[in-house]
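Trainee: Please take me slowly through a single part of this model, and show me how its surroundings are built up around it.

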Amino acid sequence: MAKIPQAEILSMMTDLSSGAKDLLLYYYSRNDGWRFDDANIAKFINTSERQVKKFRRELINKEYLLVQRGEVDVYFIGKLAVEKFKEEIEEINEINSPKKPLVTKGNG
C-alpha cells in the first residue's frame with residue numbers, strides 16, 4: 001500500500017471529481033503488482049465500468065495517473081510518481097538522442 005503525500009491529498013480535494021478521488025484512493029490502496037479489473041473496481045467503488053473509465057481518463061488528464069501499456073500494464077499512481085517517471089523518460093531520451101553538431105554562421 002502506497003503512502004499518499006499530504007500535498008497530493010490537499011490538491012486532489014479541489015482538483016478531482018468525487019468518483020476520480022474514489023478511484024485514486026482505490027489505486028493507492030493496492031499493493032505493487034496488482035492487476036486492475038474495471039468490473040471489480042466498479043463494484044468496490046460502487047459505480048459502473050463506464051464511470052471507472054471516465055474517472056481513469058480524468059486522473060490521467062490531471063496527471064494523477066500514468067498507464068504504461070505493454071504485455072502487462074504498469075500504473076504510476078500519484079502526481080509525484082507520474083512526474084518522476086516522465087523526468088526519467090526525458091533523461092533517457094536525451095541520452096539516446098543523437099548529438100547534433102553545433103551550427104554556427106561563418107564567413108564562408
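Mentor: An axis here is a line fitted to C-alpha atoms, for helices over the stretch in contact, and angles run from 0 to 180 degrees between N-to-C directions. The model is a predicted one, in which local features need pLDDT of at least 70 and side-chain atom pairs count only at pLDDT 80 or more, while totals for chains, interfaces and linings use all residues. Residues are numbered from 1 along each chain as its sequence is written, and side-chain values use heavy atoms, with hydrogens and water left out.

The part I would look at closely is helix 2, and its setting comes before its details. The protein chain holds five helices and two strands (DSSP runs numbered from the N terminus, helices being H or I of at least four residues and strands E of at least two), and along the sequence these elements follow the pattern α-α-α-α-β-β-α. Of the 108 residues in the protein chain, 28% are buried (under 20% relative accessible area, with exposed meaning over 50% and partly exposed in between, for a 1.4 Å probe and protein chains only). The protein chain exposes about 8300 Å², to which carbon and sulfur atoms contribute 52% (areas by the Shrake-Rupley method with a 1.4 Å probe, where for residues only the protein chains shown count as cover). Among the contacts (heavy atoms within 4.5 Å) between residues at least 6 apart in sequence, 41% join residues at least 24 apart.

Helix 2 covers residues 18-29. Its 12 residues should span 16 Å at 1.5 Å a residue, and its end C-alpha atoms lie 17 Å apart, which agrees (the expected span being 1.5 Å times one less than the number of residues). The buried residues along helix 2 are G19, A20, K21, L23, L24, Y26, Y27 and Y28, and what covers them includes helix 1, helix 3, helix 4, strand 1 and strand 2. Two of these neighbours, helix 1 and helix 4, deserve to be taken in turn.

Two packed helices are described by the angle between their axes and the distance between the axes. Helix 1, residues 6-15, packs against helix 2 at an angle of about 155 degrees, with the axes 10 Å apart, and the two helices are therefore roughly antiparallel (over 145 degrees, whereas under 35 counts as roughly parallel, 65 to 115 as roughly perpendicular and the rest as oblique). Helix 1 brings E8, M12 and M13 to this contact, and helix 2 brings K21, L24, L25 and Y28. By class, five of these residues are nonpolar, none is polar and two are charged (Ala, Val, Leu, Ile, Met, Phe, Trp, Tyr, Cys and Pro count as nonpolar, Asp, Glu, Lys and Arg as charged, and the others, Gly among them, as polar).

With helix 4 the geometry is another matter to follow: the axes of helix 2 and helix 4 come within 9 Å and cross at roughly 80 degrees, which makes helix 2 roughly perpendicular to helix 4. Here G19, A20, L23, L24 and Y27 of helix 2 meet V52, F55, R56, E58 and L59 of helix 4, and the residues of this contact divide into seven nonpolar, one polar and two charged. L24 is listed in the contact with helix 1 and again in the contact with helix 4.

E58 is a good residue to place on the screen, since it sits in helix 4 and counts as buried at 15% relative accessibility. Setting aside residues up to four places away in sequence, E58 touches D15, L16, S17 and A20.

Helix 4, residues 49-61, is preceded by a loop that leads from helix 3 (38-44) and contains N46. N46 is not a glycine, yet it has a positive phi of about 60 degrees, and it is exposed, with a relative accessible area of 73%. In helix 3 itself, D38 is buried at a relative accessible area of 15%, and beyond its neighbours within four places in sequence it is in contact with E49, V52, K53 and R56. V52 and R56 are also among the helix 4 residues that meet helix 2.

On the far side of helix 4 in sequence, the loop to strand 1 (65-68) holds E63, again a residue other than glycine with a positive phi of about 60 degrees; E63 is partly exposed, at 38% relative accessibility.
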